[in-house]
Amino acid sequence: MNTFSYRGYQISYGEYGNENGRRVILVPDDGKDSTSIQSAISCMTVSYRTVLIDFLGCGQSDKPQGFVSDLWHDQALQLKELFYAAGYETAILIGFGEGGCRTCAEFLRECPELAELVVFSAKSFRPGSLSPEAEGKVFVIPDSMRPAGGISWNLLNLILKQILEEDLNPCPWCGQPMVRGLIVGGRDMARWNPGMDTDLWPLEGDGFVLRNRKPKGFLENLKGVFDSDCAKLTAWVCFSCGKLTADVCHLIETERKNEYGF
């Protein structure tokens, strides 16, 4: 772990993974150190230069006496000092838990020019609470895409790859970017997830459940394409308004029924 100085205290941080990749800073929840999100390393470091930080009072950083009046703002200032101390020009920030997301929001208020992109969980972001410049850098992952144990690293990695490397289609309803994925259907169930073709994972893992049972209306209007044991359609989902569009002209059939959990 490296260190930098902030208000006379030493703060620890570590850099991992692809030295040529975009820099991603993982921001932990209140009172938690970098080990709480250490499991992200194996997935994120293949494509990104991943940075973990121990805020003051946590992990290997100094532990000052007393309390600050505004913890999230102070942690945002610690992040800002990290940029200057380590020589970062810009970075992607991912906030974990309520505290990590609110710290990221304070960082956007303090220095939006340093953030390339900030990823929030839905419940931690209040639309209209940031400047238009700052909100233009926000991407919200809705609660429905967050497994009970927290954000799925594989899911997050695939979504980031699309956001950063592709021109995303705007949503016809609200204009926000739509993420491409697949609808996977069977006799009783349909799910969407961002894996494409061979990147599709078992549905018992990270799939985004449209509904517990085959949705009425949209999928039934596909005139029975999901009556087969397993079928896939390319589809786009807007995380902002929840709308979904699909390429109904190109059905992908597969015989690997068990792989998808049906």
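Trainee: Which elements do the buried residues of α2 pack against?

Mentor: In this predicted model, the buried residues of α2 pack against β1 (2-6), β2, β3 (22-27), β4 (48-54), β5 (91-95) and α3 (97-110). That list holds five strands and a helix.

Trainee: Which residues of α2 are buried?

Mentor: Look for Asp-74, Gln-75, Ala-76, Gln-78, Leu-79, Leu-82 and Phe-83. Find each of them in the 3D view.

Trainee: How far apart are the end C-alpha atoms of α2?

Mentor: Work from the rise. Helix α2 covers residues 71-86, which is 16 residues. At 1.5 Å a residue, α2 should span 22 Å. The end C-alpha atoms are 22 Å apart, so the expected span and the model agree.

Trainee: What comes just after α2?

Mentor: Gly-87, with a positive phi of about 80°.

Trainee: Now the strands. In which sense do β1 and β2 pair?

Mentor: They pair in the antiparallel sense, over five bridges. One facing pair to find is Tyr-6 and Tyr-9, the latter in β2.

Trainee: How many residues lie between β1 and β2 in their hairpin?

Mentor: Two. Arg-7 sits in that turn, and its phi is positive, about 50°.

Trainee: How many bridges join β2 to β4?

Mentor: Six, and the two strands run antiparallel. Take Glu-15 as an example: its bridge partner in β4 is Val-51.

Trainee: How do side chains point along a strand?

Mentor: In a regular strand they alternate between the two faces of the sheet. Now pick one residue. Ser-12 lies in strand β2, residues 9-17.

Trainee: Is Ser-12 buried or exposed?

Mentor: Compare its relative accessible area with the cut-off. Buried means under 20%. Ser-12 has 4%, so Ser-12 is buried.

Trainee: What does the side chain of Ser-12 reach?

Mentor: The backbone oxygen of Gln-60, at 3.3 Å. Beyond its neighbours within four places in sequence, Ser-12 is in contact with several residues, including Met-1, Asn-2, Thr-3, Leu-52, Ile-53 and Asp-54. Gln-60 and Ser-61 are also among its contacts.

Trainee: Let us zoom out. How many helices and strands does the protein have?

Mentor: Five helices and 14 strands. Of its 262 residues, 47% count as buried.

Trainee: What share of the contacts joins residues at least 24 apart?

Mentor: Start with contacts between residues at least 6 apart in sequence. Among those, 62% join residues at least 24 apart.

Trainee: And what is the accessible surface of the protein?

Mentor: About 12,600 Å². Carbon and sulfur atoms account for 46% of that surface.

Methods: Residues are numbered from 1 along each chain as its sequence is written. This is a predicted model: local features need pLDDT of at least 70, side-chain atom pairs count only at pLDDT 80 or more; totals for chains, interfaces and linings use all residues. Side-chain values use heavy atoms; hydrogens and water are left out. Helices (H or I, at least four residues) and strands (E, at least two) are DSSP runs, numbered from the N terminus. Buried means under 20% relative accessible area, exposed over 50%, partly exposed in between (1.4 Å probe, protein chains only). Contact means heavy atoms within 4.5 Å. Accessible areas come from the Shrake-Rupley method with a 1.4 Å probe; for residues, only the protein chains shown count as cover. A polar contact is a pair of N or O atoms within 3.5 Å; within protein, one must be able to donate a hydrogen and the other to accept it, and residues adjacent in sequence count only if both atoms are side-chain atoms. The expected span of a helix is 1.5 Å times one less than its number of residues. Two strands pair if DSSP finds at least two bridges between them.
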